Amino acid sequence: MNQVHFTASDFNTFTIDGLEERMDALKERIRPKLQDLGDYFAQQLSIMTGEEIFPHVAKHARRTINPPKDTWVAFAANRRGYKMMPHFQIGLWETHLFVWFAVIYEAPNKAEFGKKLEENADLLKSIVPESFVWSIDHMRPDVIPHNELNTEDLLSMFKRLQTVKKAEILCGIQIPREEAVQLTDKELIDTIQYTFETLLPLYKLQ
């Protein structure tokens, strides 16, 4: 595997003005690392889940004016796409690296999945580490620390997933860029592996 840890230059990509200029830098600096991480963790997740998992590196192909504020590689048991099903993600914003389990608004079965989450709220409260965070919108960097939530808070998010058309749920980690740039390749891979192993019970609820 080539160098996959992220540098200050990678994070600074998101400060470049202009769609074409930022996309050129993103393709040169970040996309090769996401592709390598994608190929590696697709194999690891295939073993962990018992399904063939495919990596999907974000292309941002539909953008015509606004440059992307984040980028990622997603993992799903579908060769053609990931948005329609529960999936995993690795990616970064200017401010941080993220590793997620995610069910986003395009998933047609998110109401059924929200019900499974609701039925297992007590279990999830106990098995999700205190350092992990939740999000209800993958397009915003805002998160809710797990250690600030009680079971009723989780139930509220899980019920929202069942009833609100644009509702989403994500769980995982954020690593501030100041810490992320200090990670070696091995430390980054080990951190992602641990996060995916920890999030596997959520994925298996589907």
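**Group meeting: the sheet, the cores and the spaces of a predicted model**

Good morning. I begin with one pair of residues: Val 57 stands opposite Val 73, which belongs to strand S2. Please bear in mind throughout that this is a predicted model.

That pair brings us to the sheet. Strands S1 and S2 are antiparallel and pair over 4 bridges. On to the next neighbour: S2 and S3 also run antiparallel, joined by 6 bridges, and here Thr 71 stands opposite Leu 92 of S3. S3 is in turn joined to S4 by 6 bridges, again antiparallel, with Phe 98 in S4 as the bridge partner of Gly 91. The complete arrangement is an open sheet of 7 strands in the order S1-S2-S3-S4-S7-S5-S6, with antiparallel pairing. Its edge strands are S1 and S6, the latter covering residues 144-145, and each of these pairs on one side only.

Let me stay with S2 for a moment. Is this strand buried or exposed? Of its 7 residues, 7 are buried, so S2 is largely enclosed by the rest of the structure. In a regular strand, side chains alternate between the two faces of the sheet. In S2 both faces are covered: Asp 70, Trp 72, Ala 74 and Ala 76 are buried on one side, and Thr 71, Val 73 and Phe 75 are buried on the other.

I turn now to the nonpolar cores. In soluble globular proteins, nonpolar side chains tend to be buried together. The largest nonpolar core here has 53 residues, and those with the most contacts inside it are Phe 6, Phe 75, Ile 90, Trp 134, Phe 158 and Phe 196. A second, separate core has 13 residues, including Ala 58, Trp 72, Tyr 82 and Ala 102. Two residues of S2 thus appear in this account, Phe 75 in the largest core and Trp 72 in the second.

Aromatic rings deserve their own remark. There are 11 aromatic pairs in the model. In one of them, the ring centres of Phe 101 and Tyr 203 are 6.5 Å apart and the planes stand at 90 degrees, so the pair is edge-to-face. Phe 101 lies in strand S4 and Tyr 203 in helix H7, residues 185-203, so this pair ties together parts that are 102 residues apart in sequence. Both Phe 101 and Tyr 203 are buried. They belong to a cluster linked by ring pairs, whose other members are Tyr 40, Phe 41, Phe 75, Phe 88, Phe 113 and Phe 196.

Finally, the empty spaces. The largest pocket holds about 760 Å³ of space. Which residues lie closest to its centre? Of the 26 that line this pocket, they are His 60, Arg 63, Trp 72, Lys 83 and His 138. Strands S1, S2, S3 and S4 each give two or more residues to the lining. By type, the pocket lining divides into 14 nonpolar, 4 polar and 8 charged residues.

The model also has 1 cavity of 30 Å³ or more, with about 60 Å³ of space. Of the 13 residues that line the cavity, those closest to its centre are Trp 93, Trp 100, His 138, Arg 140 and Pro 141. S4 and S7 each supply at least two lining residues, and S4 gives the largest share, with 3. The cavity lining comprises 6 nonpolar, 4 polar and 3 charged residues.

Thank you for your attention.

Methods: Residues are numbered from 1 along each chain as its sequence is written. This is a predicted model: local features need pLDDT of at least 70, side-chain atom pairs count only at pLDDT 80 or more; totals for chains, interfaces and linings use all residues. Side-chain values use heavy atoms; hydrogens and water are left out. On a 1 Å grid over the protein atoms alone, a cavity is a set of points where a 1.4 Å probe fits but cannot get out, and a pocket is an open set with protein on both sides within 12 Å along at least five of seven lines; lining residues have an atom within 4 Å of a point. Grid points are joined across faces, edges and corners, and a volume is the space filled by probe spheres set on the points. Ala, Val, Leu, Ile, Met, Phe, Trp, Tyr, Cys and Pro count as nonpolar, Asp, Glu, Lys and Arg as charged, and the others, Gly among them, as polar. Rings of Phe, Tyr and Trp (its six-membered ring) pair if their centres lie within 6.5 Å; planes under 30 degrees apart count as stacked, over 60 as edge-to-face and the rest as tilted. Buried means under 20% relative accessible area, exposed over 50%, partly exposed in between (1.4 Å probe, protein chains only). A nonpolar core is a set of buried Ala, Val, Leu, Ile, Met, Phe, Trp, Tyr and Cys residues joined through side-chain atoms within 4.5 Å. Two strands pair if DSSP finds at least two bridges between them.
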